[in-house]
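Hello,

Here is the structure you are taking over. Please open it first, then read the notes below.

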Amino acid sequence: MSTSLPLGDRLSRGFDRVTGTALGAHQAAVIRIGLSFTWMVFLLREWPNRHEMYGPDGPWSWEMARRLTADNHAFTALLWSDGGLWFEAVYAFAIVTAALLALGWRTRTMTVLSMIGVLSLQNRSVFLGDGGDNVIHLMALYLILTRCGRVWSLDARRAAKRAGQPAGLDLTGIVLWAGCGLALAAAMILGDTRMSWTGHGPLPGVGWASALWALWLVQGLWWVAERHGSGEPRAVLDALANLLHNAGLLVIMAEVCLIYATAGWYKIQGSRWQDGTALYYPLHLDYFSPWPELSHALAGSGLLVLLLSYGTVAVQVAFPFTLLNRRVKNVLLAVMMMEHLGIALLLGLPFFSLAMIVADAVFLPTSFLRRLGSLAGRARDRLLPARTQQSPVQAEDDEAATRTLVG
């Protein structure tokens, strides 16, 4: 007959778990790849309209944006200069960093640089965004805390090749780190960046200047620890990194639950959702009808509109509570993903739907993600048969990465 462990032992095991392993490595990788890909494709699709959306030709002028950020203290590099060349450089920078983050190249650095690209464009024209933009905005901040390049990344591939070998000079990492430091110093010295050291930044009392320089120093410290650290100092740094990763992943999960809970409870208060006719109206708006015949056919069935309206509210309100039961959570997760696919098809909101599906993926079972990765790997091997075999060290890392915060 099994007996429960004492409270002290359970707390000790829990502490060892959150500091000894980066939990949910596959879920973090999916978020990294999915959101970066979504943001990159959105920017590429809007390339012909970039000047009207975020640039000098938009209705929200540079001076108006400058006045707004003076009040809300939002970070955006686009207000460092009103030149057209600077705008083109920032827009291209956002695309390139998103692509590199999706590939997992120098992931720790790219999470910061990609975040700068996301905030620079979205905070330049705050009235253009929708729910999907808000998700990308928040996840870009949270990803900095995670070790999202442990699997399915170029970094993981490079680490597997170097397993068992002495660490080299890593000239690329040195140049990248030095270049980021010089760019940050030049931005603060040469331009009116409005980046304060305290008071207005990502955290209370921590300005953007302090935050960015701190991240830069941490990158350098971690590089030194990886190559020259050993024993207790390295173990402490690794435990802190795991703790931050797990905390960041927990914040992402809480954010997704909050999004659905608030959306569901706000819908309950609406009269159109209460009488089950809420979905009838957007299906008749030309702006949200990429397939008018399909939308009108769906809206023509009162029973279907009623079921979809009530079902949407029920799923959103119930989802946070289903985390207590793994099987119910997985079923409801599939229903929500199908719902977002329907939104993308019927209402013509593909990027919003894709961003939400990727955010939902933080709750996908690790076993499912590993099978999905295996299928993708076999498809890749058919196209590129000459592949380096996985090292035993990387196999052990992947085995540890199967652990997650939820099922």
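Contact here means heavy atoms within 4.5 Å. Helices are DSSP runs (H or I, at least four residues), numbered from the N terminus. This is a predicted model, in which local features need pLDDT of at least 70, side-chain atom pairs count only at pLDDT 80 or more, and totals for chains, interfaces and linings use all residues. Residues are numbered from 1 along each chain as its sequence is written, and side-chain values use heavy atoms, with hydrogens and water left out.

One helix pair

In H7 (residues 131-142), Gly131, Gly132, Val135, Ile136 and Met139 meet Phe352, Ala355, Met356 and Ala359 of H16. The second helix, H16, covers residues 350-360. The axes, lines fitted to C-alpha atoms over the stretch in contact, are 8 Å apart and form an angle of about 40 degrees; angles run from 0 to 180 degrees between N-to-C directions.

A residue in H16

Ser353 is found in helix H16. Is Ser353 buried or exposed? Ser353 has 2% relative accessibility, so it counts as buried (under 20% relative accessible area, 1.4 Å probe, protein chains only; exposed is over 50%, partly exposed in between). Its side chain reaches the backbone oxygen of His340 at 2.8 Å. Leaving aside neighbours within four places in sequence, Ser353 is in contact with His340, Ile343 and Ala344.

Two loop residues

Most residues other than glycine have a negative phi. Arg106, in the loop between H5 and H6, has a positive phi near 50 degrees. Trp152, in the loop between H7 and H8, has a positive phi near 55 degrees. Arg106 is buried at 15% relative accessibility, whereas Trp152 is partly exposed at 32%.

Regards

Note on methods: A polar contact is a pair of N or O atoms within 3.5 Å; within protein, one must be able to donate a hydrogen and the other to accept it, and residues adjacent in sequence count only if both atoms are side-chain atoms.
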